[in-house]
Amino acid sequence: MMKRRKPERKNPASYLVMGGSLLMLAMLMTDLGDRRPKPVSNKCLEVVQSQSVLHRDKLSQLLSIPERSSREQVKAVISEPYCRLPQVEIRAGVPADREAYPLAFDPQTWFVVLYEGNEYAGYDFVFKK
């Protein structure tokens, strides 16, 4: 005659571990939500030169300038920006100035140059569509 196995009962401690794990997961998800970076505003703080645009040849020259070059080296290639955008913090504790140049061949796209102090820190594109 076959003997029937009794269904295993879970130890009450296992329910406690599962409940604790779910609680930790919920707390972790809540905590991560607070650490999300805030969206960066791409609204002009100040319009510098309302007619300023960036042509393809200047864009090509700009893209060949290595990061950490001097601000003057970049300014030798491009003229005054269309506007200045709010500062951002790319590296912790180092504010970066941003200057926007609409592209001559696509005015809805801005080429944004970043400076940390007097150093060229890189670029970004902003799509205004």
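This is a short tour of a predicted model, going from the sheet to a helix, a loop and a patch on the surface.

Begin by selecting the five strands, which form an open sheet in the order β1-β2-β3-β4-β5 with antiparallel pairing. At the edges of this sheet you will find β1, residues 46-47, and β5, residues 119-127, each of which pairs on one side only.

Keep the sheet in view and select helix α2, residues 56-63, which packs on the sheet and touches β3, β4 (106-116) and β5. If you compare directions, that of helix α2 makes about 30° with that of β4.

Now go through the strand pairs one at a time, starting with β1 and β2, which run antiparallel and are joined by two bridges. Select E46 together with R84, since R84 in β2 is the bridge partner of E46.

Next, select residues 83-91, which are strand β2, and residues 94-103, which are strand β3; these two run antiparallel and are joined by six bridges. Within this pair, look at L85, which stands opposite R98 in β3. The two strands form a hairpin with two residues between them, and in the turn you can select G93, whose phi is positive, at about 80°.

The last pair on this walk is β4 and β5, which also run antiparallel and are joined by eight bridges. Select L114 and then G122, its bridge partner in β5. Here too there is a hairpin with two residues between the strands, and G117 in it takes a positive phi near 65°.

Both of those turn residues are glycines, so it is worth asking which residue other than glycine has a positive phi near 75°. Select R68, which has this value, and which you will find in the loop between α2 and α3, residues 71-75. In general, most residues other than glycine have a negative phi. Is R68 buried, partly exposed or exposed? Its relative accessible area is 36%, and because this lies between the limits of 20% and 50%, R68 counts as partly exposed.

Finally, move to helix α1, residues 12-34, and select L22, which has its place there. L22 counts as exposed because its relative accessibility of 61% is over the 50% limit. Add L25, L28 and M29 to the selection, and you will have a nonpolar patch on the surface, formed by these residues and L22, with about 440 Å² of accessible area together.

Definitions and conventions
Residues numbered from 1 in each chain as written. Predicted model: local features only at pLDDT ≥ 70, side-chain atom pairs only at ≥ 80, totals over all residues. Heavy atoms only, no water. Pairing = 2+ DSSP bridges. Helix = DSSP H or I, 4+ residues; strand = E, 2+ residues; numbered from the N terminus. Contact = heavy atoms within 4.5 Å. Axes fitted to C-alpha atoms, helices over the stretch in contact; angles between N-to-C directions. Buried < 20%, exposed > 50% of the residue type's maximum accessible area, 1.4 Å probe, protein only. Patch = residues over 30% accessible without salt bridge, like charges linked within 9 Å, V, L, I, M, F, W, Y side chains within 5 Å. Areas by Shrake-Rupley, 256 points an atom, 1.4 Å probe, with all protein chains shown as cover. Salt bridge = Lys/Arg side-chain N within 4 Å of Asp/Glu carboxyl O.
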